[in-house]
Amino acid sequence: MNIAMKLARTFLEDHPREAALALERMPAPERAAAVRAAGAEAGTALGEMVAPAAAECLSLLAPAEAATTLEHLEPEVAIALLRRLPKTAGKLIAELPAAKQDPMRRILRYPEDTAGALMDPFVLPIPNDVSVAEARVRLRREPHGLLYYVYIVDRSGMLAGVLDIPELMRARARDPIVSIMNTPVEHIPAWTPAPAVAAHPAWGAYHALPVTDETGRFAGAIRYQTLRRLESEAGQRSTAPTGATVGALGELFHLGLAGFVEGVAGAAAAREPVLPVTPASGDSDSGERE
């Protein structure tokens, strides 16, 4: 990898907001070439772009290339982009690691602005027939699915109980998990509209709430910060960098680094032409990601 490509990747990774602004200004084929050349490092910058531009970029990549970028996005961002690519979303999901495919498909079942669309489908539930020691082992093995709360399910997946991490750590290792879990469990049905989710009285006591599907099975959990993020994004996204340091970086970027990134994109495009795919009318809508 030459020094120019290393610098471009570093900038995309360390200053994703400024990089996103430059990528948005590029023609779609050049934008896709830059993302292809950067690989996984482009994920964060892609997540900072307005949704139509990011989705159009993904639509110009081969499914395996697009999946590499999606894999490094926050789940809620990846889902928002997949919703804009209804005709190709299935192919992209099929290229993701096996452990991520079913949760992604599950969350896409639910319309936007419902609890099912807002939940994190990767939260790890614990079976109610294991010991405290086994529960700890499972959580250490799957740290990406860890919340402050541990949700307990029966073998059919029905939500059965909840406890928090301090409770789990204080319990005796040999105790069955069912003996220390708390019931009943405050939960939100997956089809609950977003305004009703935000108004749920249980937010006064918890900073995450489990989501259940139509049969009562555990489907995921909604974090309180997700609601706060939605509130903060209710207005138009500001494109002006904030803070003295970021402002200075942004000024440098607009004066010189924008051209540098565009040059890297042009070089990448010359070496490896962008796939001649035109986004289908249903695959890249106008409007911004929620």
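These are my notebook entries on a sheet, two buried residues and some salt bridges in a predicted model.

**Entry 1: the sheet**

I began with the strands. S4, S5 and S6 form an open sheet in that order, and the pairing is mixed. I looked up the edges next: they are S4 (188–189) and S6 (218–223), each of which pairs on one side only. S4 and S5 (residues 208–212) run parallel and are joined by two bridges. If you want a spot to click on, Pro189 stands opposite Thr212 in S5.

**Entry 2: Leu159**

Thr212 came up again when I turned to Leu159, since Thr212 is one of the residues that Leu159 touches. Leu159 belongs to strand S3 (residues 159–164). Is Leu159 buried or exposed? I found a relative accessibility of 18%, so Leu159 counts as buried, the cut-off being under 20%. Setting aside residues up to four places away in sequence, its contacts also include Tyr151, Ile152, Val153, Val185, His187, Pro210, Gly216 and Phe218. I also checked Asn128: Leu159 is 31 residues from it in sequence, and their C-alpha atoms are 9.6 Å apart.

**Entry 3: Arg31**

A buried arginine caught my eye here. Arg31 sits in helix H3 (residues 28–38), and its relative accessible area is 5%, which makes it buried. What does Arg31 contact, beyond its neighbours within four places in sequence? I listed Leu23, Glu24, Met26, Met49, Ala53, Glu56 and Cys57.

**Entry 4: salt bridges**

How many salt bridges does the structure hold? I noted seven, and looked at some of them in turn.

Arg105 pairs with Asp102, with 3.5 Å between the closest N and O atoms. Both residues are in helix H9 (residues 98–108), three residues apart, or about one turn of the helix. Arg105 is partly exposed at 37% relative accessible area, while Asp102 is exposed at 52%.

Arg223 and Asp120 also form a salt bridge, at 2.6 Å from N to O. Arg223 is in strand S6 and Asp120 is in the loop between helix H10 (115–118) and strand S1 (126–127), so this pair ties together parts that are 103 residues apart in sequence. That brought me back to the sheet, where S6 is an edge strand. Asp120 is buried, with a relative accessible area of 13%.

My last pair was Asp175 with Arg172, whose side chains meet at 3.2 Å, N to O. Asp175 counts as buried at 14% relative accessibility, whereas Arg172 is partly exposed, with a relative accessible area of 47%.

How values were computed: Residues are numbered from 1 along each chain as its sequence is written. This is a predicted model: local features need pLDDT of at least 70, side-chain atom pairs count only at pLDDT 80 or more; totals for chains, interfaces and linings use all residues. Side-chain values use heavy atoms; hydrogens and water are left out. Two strands pair if DSSP finds at least two bridges between them. Helices (H or I, at least four residues) and strands (E, at least two) are DSSP runs, numbered from the N terminus. Buried means under 20% relative accessible area, exposed over 50%, partly exposed in between (1.4 Å probe, protein chains only). Contact means heavy atoms within 4.5 Å. A salt bridge is a side-chain nitrogen of Lys or Arg within 4 Å of a carboxyl oxygen of Asp or Glu.
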